[in-house]
Amino acid sequence: MSIAVAVGLPLGLVLGYRGGWADRLVMRLAEGVNAMPFLLVAITLIAVLGPGLTKSMVIVGVIYAVMVLRLVRGEVLAAREELYVTGALVVGVGTTRLLWRHVLPNIAPSLIVQVTTMFATSIIVEATLSFLGLGTQPPQASWGNMLADAQASAFDHWFLALPAGFAIMITVLAFNLFGDGLRDLFSRESAGSVLNANAARPLVEGVVEREHSAGSVGGDGDPLMSVRRLSVSFPARPSSDERIDVVTEVSFDIGRRRVIALVGESGSGKSVTAMALLGLVPDPGRVTAETIGFDGRELTGANERELRAIRAREIGVIFQDPLKALNPAFTIGTQMTESMRVVEGMSKRDARIRAAELLDMVRIDRAADRLDDYPHQFSGGMAQRVMIAMALSSSPKLLVADEPTTALDVTVQSDILDLLRDLQAETGMSMLIITHDQGVVADIADDLMVMYAGELVEVGTVEKVFEEPRHPYTAGLLASVPRNRRREGTLPSIPGTVPALDELGPGCRFGARCPFVVDRCREPVDLVGLGDGAVRCVRAPERLALGDADIWSGR
Ligand code: ADP
Ligand code: MG
């Protein structure tokens, strides 16, 4: 294994990174070696070099080096496309250092797992070669020799093969289990691995007691989604028992045919809230809620399989960076038709026709031709259209859009918003749109939720909240947006930053930045219904002069 790694690893790194004729030549040779039966290659080489433990292990090492090389080269090819490699190149890191310090640590886990299992097979190979008299030579002992000796007297003393046989079996088993353990360990450490989520893991791990609830807007009494006291926590430090709520007791309704916007500063918990609704919070995260109702069903007890079915058919999702959400290895057509074929059992032809219709619906020209293009042939705006088309392919009742225009060029942002608005009106689906752009809210949302440090601080209809914000934070957010009517002076801003979630006091989380703070704000503040919305501020009923931008300009 040392020979295999010493030869295969550097070769794989360099060939994978450099490419070119050397890479092609070595890979063809490697494929040639791989195409031949492993043992025959080893036996042939031993026939040339002569038997013996050292020689046979050198030969095995060289043959395994080919496998290590192929593995490493493949991983490097993938890593080369990653932005962190480009980033390292940009800051002037040399090739050796780049491969050693930036690429190798990222491919190390799969390499270590692979090498561990190769250990197991190399023990079997040694035993086989020695059994055939080509490996270890007597009087040196090896398990393979012992098996060969035992075979000679198998009819008189059958049990002689047992000790060596068991020793081989247990050692190989141990290495395999060790490899499995390492694989589990590494996959747990790779962050955000929702795919590894336990299929039996419920959406919600703790159902909290029913209590008062506030904060429903756009209600016609029968909301599509109804969320009460949803909290999400992460460990305070890796592998510590102490947990921090990054989302605290969030309650809201999403009305049928309504567009609800969730706004707040970066890090306030918007994405995590949306992920929690979809059962996509990555592993050390824990979700608790009183209820999460969706279209007449209760999701708090749903497991991963049931959630997957709901996500596949009834809830569509689009993310911030469309190009990252598309697999670069497959054509757009393949990716669009995959779920239609798997989930709905459509034939390949029907699925392609439907995919072309969908691309046409999101206003992509020459839709049928573009199905055979790869993601890199699409611009960001086009890729987001593809994502929207995929999200809508099952005619969902709810579309969750997490900052769908943030990663896009400003010139295409409004096109995408127009498209979303038109599609929502056409299909009558509900939409939860996460954004930090007031313009987006004003443009397409009916209802608005404002989040601050993991809590909802104000909910209401967009019209009402924009006209008369009740929470000082909402007012500050609104005042900090450039508007045509204010062309002079500095743009107001909210002083200070969002508090760290692990050092929150019991009182109002916005207190430290609020110009209206009073003593009462140091005690816990509830989200209280006010008009047809709700607000979390003890001074909300006083009708403070929140709209006055000067309060927020720090003057
Ligand atoms: P945003 O409002 O910008 O979408 P997020 O919902 O992404 O904010 O994040 C909210 C908080 O949750 C942040 O403080 C972030 O550090 C924390 N958080 C998000 N994902 C994880 C995770 N996988 N592990 C630990 N903390 C996380
Ligand atoms: Mg986010």
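Which residues are around ligand 1? I would like to begin there, bearing in mind throughout that what we have on the screen is a predicted model. The residues around ligand 1 are Phe 234, Val 246, Glu 265, Ser 266, Gly 267, Ser 268, Gly 269, Lys 270, Ser 271, Val 272, Pro 282 and Leu 501. By class, this shell divides into five nonpolar, five polar and two charged residues, and the element that gives the most to it is helix 9, spanning residues 270-278, with three residues.

Let me turn to the contacts made by the backbone. Gly 267 has a backbone N or O atom 2.7 Å from an oxygen atom of ligand 1, while for Lys 270 the corresponding distance from a backbone N or O atom to a ligand oxygen is 2.9 Å, and for Ser 268 it is 3.3 Å. As for how much of the ligand is covered, ligand 1 taken alone exposes 560 Å², and the protein buries 62% of that.

Next, the domains. The protein is divided into domain 1, residues 2-186, domain 2, residues 196-452, and domain 3, residues 456-553. The C-alpha centres of domain 1 and domain 2 lie 44 Å apart, and it is this pair of domains that matters for the pocket I want to show you now.

Where does the second largest pocket lie with respect to the domains? Both domain 1 and domain 2 give residues to its lining, so the pocket lies between them. Lining it are Ala 78, Glu 81, Glu 82 and Leu 83, together with Asp 321, Leu 323, Lys 324, Leu 326, Pro 328, Pro 375 and His 376. In terms of class, that lining has six nonpolar residues, one polar and four charged, and the space in the pocket comes to about 520 Å³.

Finally, a word on enclosed space. The count comes to three cavities of 30 Å³ or more, and the largest cavity has a volume of about 90 Å³. Its lining is made up of 15 residues, of which Pro 472, Cys 508, Cys 514, Cys 521 and Cys 537 lie nearest the centre of the cavity. By class, the lining of the largest cavity has eleven nonpolar, two polar and two charged residues.

To bring this together, we have a ligand of which the protein buries 62% of the exposed area, a pocket lying between domain 1 and domain 2, and a largest cavity with four cysteines among the residues nearest its centre, namely Cys 508, Cys 514, Cys 521 and Cys 537.

How values were computed: Residues are numbered from 1 along each chain as its sequence is written. Chains are lettered from A and ligands numbered from 1 in the order in which they are written. This is a predicted model: local features need pLDDT of at least 70, side-chain atom pairs count only at pLDDT 80 or more; totals for chains, interfaces and linings use all residues. Side-chain values use heavy atoms; hydrogens and water are left out. On a 1 Å grid over the protein atoms alone, a cavity is a set of points where a 1.4 Å probe fits but cannot get out, and a pocket is an open set with protein on both sides within 12 Å along at least five of seven lines; lining residues have an atom within 4 Å of a point. Grid points are joined across faces, edges and corners, and a volume is the space filled by probe spheres set on the points. Ala, Val, Leu, Ile, Met, Phe, Trp, Tyr, Cys and Pro count as nonpolar, Asp, Glu, Lys and Arg as charged, and the others, Gly among them, as polar. Domain bounds come from an automatic or database domain assignment. A residue is near a molecule or strand if one of its heavy atoms lies within 4 Å of it. A polar contact is a pair of N or O atoms within 3.5 Å; within protein, one must be able to donate a hydrogen and the other to accept it, and residues adjacent in sequence count only if both atoms are side-chain atoms. Accessible areas come from the Shrake-Rupley method with a 1.4 Å probe; for residues, only the protein chains shown count as cover. Helices (H or I, at least four residues) and strands (E, at least two) are DSSP runs, numbered from the N terminus.
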